Amino acid sequence: MDFSQTQTPYLILNKVSKSYLEGSHPRLVLNQASIQINKGEFAAVLGKSGSGKTTLLNLISGIDLVDSGEIILNGHVLTDMDDHTATLFRRKNIGFIFQFFNLISTLNVWENVTMPLELNGLMDEKNHDHARTLIDEVGLSDRLTTFPDRLSGGEQQRVAIARALVHNPMLVLADEPTGNLDEETGKHILDLLDRLTRRAGKNLILVTHNPEAASYADRVLILADGKLTERLDE
């Protein structure tokens, strides 16, 4: 299947619904949620804890399946893909940054960052050089052989940013990337993420409960009561 980039709007969610069972009762998390995001936009999704922000990212990435509706990324209908195709698409085209870093504890900085290259069979000289450049840009070129338990929270998140960008993904998804960091470190992480994704022309969707984090975005969407609405500037 050809996963080349072809059209805009870049990301479309069309009447996406998702519910879960809590005990014996269904809980509707997304209720016919719809958005369109253009190529190169940085969009933030603001919502309270439990509003469905992580679920939204899991649906966009294909980690989870919609109950109904359609998700299209750069012309590719993710919701029509089978599990195997969706996994390959996600591995190649989506970078994920998590609140709790999700680094592999038994791998050092270099090995964590280059893991997407390994998975995609891209461990050539050009991509090695790209990985080294990213690690240098996140300020960890002297920590290549260091394991995650020897890194601070901010350093671990910088490794995660390099890992999310190393395979040149279409889309970067960030799930509360500063939620486990102090305020000053969180600001440094947002500055770095904003700079690296914009310079590479990547689409970035950041979910957060923090309005200050959302202020970096071109657009701010509000997730509440299962619906996505655009926040208008006052």
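Trainee: Is Glu183 buried or exposed in this model?

Mentor: A residue counts as exposed when its relative accessible area is over 50%. This is a predicted model, and in it Glu183 has a relative accessible area of 68%, so Glu183 is exposed. You will find Glu183 in helix H6, which spans residues 183-199.

Trainee: Which residues gather with Glu183 in a patch of negative charge?

Mentor: On the surface, Glu183 is joined by Asp182, Glu184 and Glu212 in that patch.

Trainee: Let's turn to strands. In what order do the four strands of the open sheet stand?

Mentor: Strands of a sheet pair through backbone hydrogen bonds, either parallel or antiparallel. Here the order is E2-E1-E4-E5, with antiparallel pairing. Strand E2 (25-37) and strand E5 (76-77) are at the edges with a single partner strand each, so one side of each has no neighbour in the sheet.

Trainee: How many bridges link E1 and E2?

Mentor: Nine bridges, in the antiparallel sense, pair strand E1 (residues 11-22) with E2. For one pair to look at, take Tyr20, whose bridge partner in E2 is Arg27.

Trainee: And why is strand E8 largely enclosed by the rest of the structure?

Mentor: Buried means under 20% relative accessible area. In E8 (residues 203-208), six of the six residues are buried, so the strand is largely enclosed. Asn203, Ile205 and Val207 point one way, while Leu204, Leu206 and Thr208 point the other way.

Trainee: Which strands run parallel to E8?

Mentor: Strand E3 (residues 42-46) pairs with E8 over five bridges in the parallel sense, and Ala44 has Leu206 as its bridge partner there. Strand E7 (residues 171-175) also runs parallel to E8, joined by five bridges, with Val172 opposite Leu204.

How values were computed. Residues are numbered from 1 along each chain as its sequence is written. This is a predicted model: local features need pLDDT of at least 70, side-chain atom pairs count only at pLDDT 80 or more; totals for chains, interfaces and linings use all residues. Side-chain values use heavy atoms; hydrogens and water are left out. Patches are made of residues with over 30% relative accessible area and no salt bridge: like charges are joined within 9 Å, nonpolar side chains (Val, Leu, Ile, Met, Phe, Trp, Tyr) within 5 Å. Accessible areas come from the Shrake-Rupley method with a 1.4 Å probe; for residues, only the protein chains shown count as cover. A salt bridge is a side-chain nitrogen of Lys or Arg within 4 Å of a carboxyl oxygen of Asp or Glu. Lys and Arg count as positive and Asp and Glu as negative; His and the chain ends are not counted. The place of a charge is taken as NZ of Lys, CZ of Arg, CG of Asp or CD of Glu. Helices (H or I, at least four residues) and strands (E, at least two) are DSSP runs, numbered from the N terminus. Buried means under 20% relative accessible area, exposed over 50%, partly exposed in between (1.4 Å probe, protein chains only). Two strands pair if DSSP finds at least two bridges between them.
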